[in-house]
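Thank you all for coming; please have the sequence and the structure open while I talk. I will go slowly, and I will explain each term when it comes up.

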Amino acid sequence: EALKIVNHQLKIARGTNHTVKIELLNKMQSNLSKAINLNPRRIGVILPLSSTNTKVASLAHEALNGLRMALRASEITIKKPLDTWELVIRDSHLNQEKTKSAIRELVEKEGVIAVIGPLARKTSEAAAKEAERLHIPLISLSLTADIPEFGDYVFRNNQSWKKEVQELLDYAVSELQACRFLILYAKTREGRQKMRHFWDAALHKGCKVVATEGFKNDGQKSLVNEFDTFTGKLQRISAKDKGILKELKEKEVPIHNFDAVFVAIGSGGVSNLSLIFPYSAVYKMEKTTFLGDNGWNDAALPYAHGLRGVKKLVFVDTFFPQDNTHAMQQLLRLHERILYRHQNYLGPTPYTAYAYDTLMILMHLLNDEKNQSHWDLRNALVNMDNFSGVTGNLSFDEKGEVQRGIKLLTVRRGKIQMFK
């Protein structure tokens, strides 16, 4: 009835060419149409489904698996039949305009209550702008940290490189009393960004970065010259001192003017650590603590070449499949039950977990009738406190950024374990 009245008034306004009134009534017409068409059990998903990039396609597939597991889990956790929830999935094509079009279609034609995705930076920014314009909650799975800054309806659930690095540095300073750092980083966008985050955080704490060195993400053969420089072995010494060392048949003793080494490998893989670890024994760094980013959290880490020479190592991640929480154990059981028969089965990944948690959050909130409008759901997300997810107790800050605990990890008895 309200829509009929607005349509009638809009017809009159167009007849009189009242520009301001037409604009206002058009907005009212759009909002009413969306409200009438809204289905609180229908959730939109935008992912790069057709990407020819192997890595991107793999992440999209992992996210889809997470959503699939969440639908199964809803039968157990939320006590609602599987068919009461509907996912409307669209392809971003890694194209900004197509992504905007998909958002509009999901809202105006499909009547979704919220949107999950996309993954890539540019399409996530495009989706965020359109979702904010249409006033629909969007939870991005992008690594781009500033996505939530696009508006009040935009949220993000993925890693925070800055927070992970800060957690690691806080531990090093408070528990190890370390305040002089050496930084090694992969020459990738992720490696460089983590290096900068660590350096900035160290300076903010009044600490010192004594040296930094980048390495190729693939194909680096040696870091001998770099470690010679770090440990003072390339210092100029007098001819007299060289003669004394030669006479005594002694070698120059490495100088350790740093307390810990931060190594940011990102998604480059443990092969990079197999390049670095052997230098620990060669340069007598057994007592030096090695600090790592989430890239270290790899099943291959306990088998990395040279690991035995590293006596102290601590790294961080938000995803830890060995966690004994109810949420994690449920995901592992569902994942194995549904996908184990697939060739080359691998367990859930971080993107599986982030997508899983995101859909579980939405279904949990939408189970309450008070949250079944775009505005009310947006407020419920902002006010959500300690949702028990696979990646920890989750909430969103006032900007829309996910908040979760970050885990300190290490290797003991040949296994990755919680540090504390």
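**Strands, a helix and a disulfide**

In strand β10, the residue that serves as bridge partner of Thr289 is Lys312. Before I build on that, please keep in mind that this is a predicted model, in which local features need pLDDT of at least 70 and side-chain atom pairs count only at pLDDT 80 or more, while totals for chains, interfaces and linings use all residues. Residues are numbered from 1 along each chain as its sequence is written, and side-chain values use heavy atoms, with hydrogens and water left out.

When I say strand or helix, I mean a DSSP run, numbered from the N terminus, with at least two residues (E) for a strand and at least four (H or I) for a helix. Two strands count as paired if DSSP finds at least two bridges between them. Strands of a sheet pair through backbone hydrogen bonds, either parallel or antiparallel.

Let me stay with β10, because five of the six residues of this strand, residues 312-317, are buried, so it is largely enclosed by the rest of the structure. Buried here means under 20% relative accessible area, exposed means over 50%, and partly exposed is in between, with a 1.4 Å probe and protein chains only. Which strands pair with β10, and in which sense? Strand β9, residues 289-292, pairs with β10 in the parallel sense over four bridges, whereas strand β14, residues 407-412, pairs with β10 in the antiparallel sense over three bridges. On that antiparallel side, Asp317 has Lys407 of β14 as its bridge partner.

Now to another sheet, which is open and is formed by five strands in the order β2-β1-β3-β4-β5, with parallel pairing. At its edges stand β2 (86-91) and β5 (154-156), each with a single partner strand, so one side of each is left without a neighbour in the sheet. Neighbouring strands of this sheet are turned by 25° against each other on average, direction ignored; the axes behind such angles are lines fitted to C-alpha atoms, for helices over the stretch in contact, and angles run from 0 to 180 degrees between N-to-C directions.

Inside this sheet, how many residues of β1 are buried? Six of the six are, so β1 is largely enclosed by the rest of the structure. Arg42, Gly44 and Ile46 point one way from β1, while Ile43, Val45 and Leu47 point the other way. Six bridges join β1 to β2, and one bridge partner in β2 is Leu87, which goes with Ile43. Three bridges join β1 to β3, where Val45 stands opposite Ile116. Ile116 in turn has Ile139 of β4 as a bridge partner, and β3 (residues 114-116) and β4 (residues 138-140) are joined by two bridges.

Two helices lie across β1, β2, β3 and β4: helix α4 (residues 96-108) runs at about 170° to β1, and helix α13 (residues 350-366) runs at about 165° to β3.

Next, please find helix α12, residues 326-339, which holds His335. The expected span of a helix is 1.5 Å times one less than its number of residues. For the 14 residues of α12 this gives 20 Å, and its end C-alpha atoms are 20 Å apart, which agrees. Seen down the axis of α12, its buried residues fall within an arc of 160°, so they line one face of the helix; the arc is that of the directions from the helix axis to the C-beta atoms. Among these buried residues are Leu331, Leu334 and His335, whereas His326 and Arg337, on the other side, are exposed. His335 has a relative accessible area of 3%, and, leaving aside neighbours within four places in sequence, His335 is in contact (heavy atoms within 4.5 Å) with residues including Met69, Tyr340 and Thr352.

My last stop is the disulfide, defined as a pair of cysteine sulfur atoms within 2.5 Å, and the count comes to one. Which residues does the disulfide join? It joins Cys179 to Cys207, with 2.0 Å from S to S, and with -90° about the S-S bond this link is left-handed. Cys179 lies in the loop between α6 (161-176) and β6 (180-186), and Cys207 in the loop between α7 (189-204) and β7 (208-215), so the pair ties together parts that are 28 residues apart in sequence. Cys179 is partly exposed, at 27% relative accessible area, whereas Cys207 is buried, at 6%.

How values were computed: Contact = heavy atoms within 4.5 Å.
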